[in-house]
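I opened a new page in my notebook for this protein. My plan is to go from the whole chain to single helices and bonds, and then to the ligand.

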Amino acid sequence: MNISNIKEEFPIFNNKIQNNDLVYLDSANSAQKPQVVIDRVYDFYSKEFSNVGRSVHYLAVAATNLYENTRSSVQKYINAKDKNEIVFTKGATEAINLVANTFGQKYLNKGDEVLITELEHHSNYVPWHFLRKSKKINIEFAEVNEDGEVTLQSIEKKINNKTKIIGITHLSNVTGAILPVKEIVSLAHSKGIPVLVDGCQGAPHLKLDMQDLDCDFYAISGHKMYGPTGIGILYAKKKWLEDLPPYQGGGGMIKEVKKQGISFGDLPNKYEAGTMATAQVIAFNESIKFLEKIGIENIQNHEKVIVDYAVETLKKNNSVELIANPKNRGGVISFTIKDIHPHDIATILDEDGVAIRAGHHCCQILHDKLGVPATARASIGVYNTKEDIDKLNSSINKCKKIFNL
Ligand SMILES: Cc1ncc(COP(=O)(O)O)c(C=O)c1O
């Protein structure tokens, strides 16, 4: 795979950022956008704009077809059984809130348990916390081990007859650990428990097959898949979408509205209330095409080479401490450097054009467990190279020098 060709597709790399070439190592936060995606947003607004699913004029019908084409592309990309199992949301956060809210409303009662893990992003904890308040449910946490992994055994240990749903990340946005999702789903299903997967970090980097994974719900973030902001996807098995109540009420999601009562629209309209992020959904089709053109296996292989190189390089750098060592890892590496605050590390690296993230990465439960308030995190995307890792390492050395390490 010729990475320099791929990098050329991203206009952000054509410009200097504060007089530096950009070394972008923050894709777990949000990925950069290829020109095709940017152009599609522009073209849609310039030449084709209309709202979707409402009017019958030419532009409205054409826009509706484009919007539905993205749904079909996503279905194919993640190998969902049915196009109507794809619900557009504003992001993965909204997708998880949709599940917590609707499943919680129908199936959770006082004393029931929701099992999540210590690795979860706040997006897969806070929505369940609301139910702890409103419905008096309990939240259990499967433990992370010292390599930054959550194993099948640690999930099994926490399952009991009060467990009503399990929510797990596919790939940790802090430790990089890839969870044994298929095995966890199979275990949970053997006990009649549905599984929600936070696929934010999985979807841009791993081959997805919903029918093989067999999870009940899978949340995806469009902006981490080289797509626009404002678009997310909830994959849910049809039986759940038919069974659960709607999430939000408004136009587009109803069948009939009378003073005496309301009936809801067919799938997926039932879950897409109000005007959706039309341009973003339509442009997201270009992200899928972009990923398909390169091939997810090629992306996975390339990113593995880069992450292995990064781990090897940083392990050799005295004073740098990697906070996890998962056996099955994606392109996320979190680290600390002796007493230097991660925000200072990120600020000094930024002076060289090296963009990383510092903080708790919306995973305070995990950072509490690690016993540090914050970490520095380098995360890899399809455009990263070994040279980027060398620049990261030399900027870390500069940072150490400033702090006399
Ligand atoms: C693991 C994980 N879950 C959830 C989210 C939230 O996703 P979104 O920004 O699409 O709402 C993120 C984003 O950082 C994430 O990394």
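**Overall build**

I looked up the secondary structure and found 14 helices and 15 strands. The radius of gyration came next: at 22 Å it is close to the 22 Å that the globule rule gives for 405 residues, so the protein is as compact as a globular protein of that length. I noted that the model is a predicted one. I also took down the span of the C-alpha trace along the principal axes, which is about 75 × 55 × 35 Å.

**Two helix pairs**

I reminded myself that a pair of packed helices is described by the angle between the axes and the distance between them.

My first pair was α2, residues 35-48, with α10, which covers 278-294. I read an angle of about 150° and an axis distance of 8 Å. Angles over 145 degrees count as roughly antiparallel, and α2 and α10 are therefore described that way. Their crossing is right-handed. Which residues of α2 and α10 make the contact? From α2 I listed V36, V37, R40, V41, F44 and Y45, and from α10 A279, I282, A283, E286, S287 and F290. I sorted the residues of this contact into nine nonpolar, one polar and two charged.

My second pair was α12, residues 342-350, with α14, residues 386-402. Here the angle is about 120° and the axes lie 9 Å apart. That makes α12 oblique to α14. I recorded a right-handed crossing for α12 and α14 as well. On the α12 side the contact is made by I345, I348 and L349, and on the α14 side by S395, K398, C399 and I402. I counted five nonpolar residues, one polar and one charged in the contact of α12 with α14.

**Two backbone details**

I kept in mind that most residues other than glycine have a negative phi, and that most peptide bonds are trans. Is the peptide bond from L267 to P268 cis or trans? I found this bond to be cis, with omega near 0°. P268 sits in the loop between β10 (261-264) and α10. I then checked K338, where phi is near 30°, a positive value in a residue that is not glycine. K338 belongs to the loop that runs between β12 (332-337) and α12.

**The ligand**

How many residues surround the ligand? I counted 15, and the closest are G91, T93, H121, C200 and S221. I split this shell into four nonpolar residues, ten polar and one charged.

Terms used. Residues are numbered from 1 along each chain as its sequence is written. This is a predicted model: local features need pLDDT of at least 70, side-chain atom pairs count only at pLDDT 80 or more; totals for chains, interfaces and linings use all residues. A residue is near a molecule or strand if its C-beta atom, placed from the backbone, lies within 6 Å of it. Ala, Val, Leu, Ile, Met, Phe, Trp, Tyr, Cys and Pro count as nonpolar, Asp, Glu, Lys and Arg as charged, and the others, Gly among them, as polar. Axes are lines fitted to C-alpha atoms, for helices over the stretch in contact, and angles run from 0 to 180 degrees between N-to-C directions. Helices (H or I, at least four residues) and strands (E, at least two) are DSSP runs, numbered from the N terminus. Angles under 35 degrees count as roughly parallel, over 145 as roughly antiparallel, 65 to 115 as roughly perpendicular and the rest as oblique. A crossing is left-handed if the near helix is turned anticlockwise from the far one by less than a right angle, and right-handed if clockwise. Two residues are in contact if their C-beta atoms, placed from the backbone, lie within 7 Å. The radius of gyration is taken over C-alpha atoms; the globule rule is 2.2 Å times the number of residues to the power 0.38.
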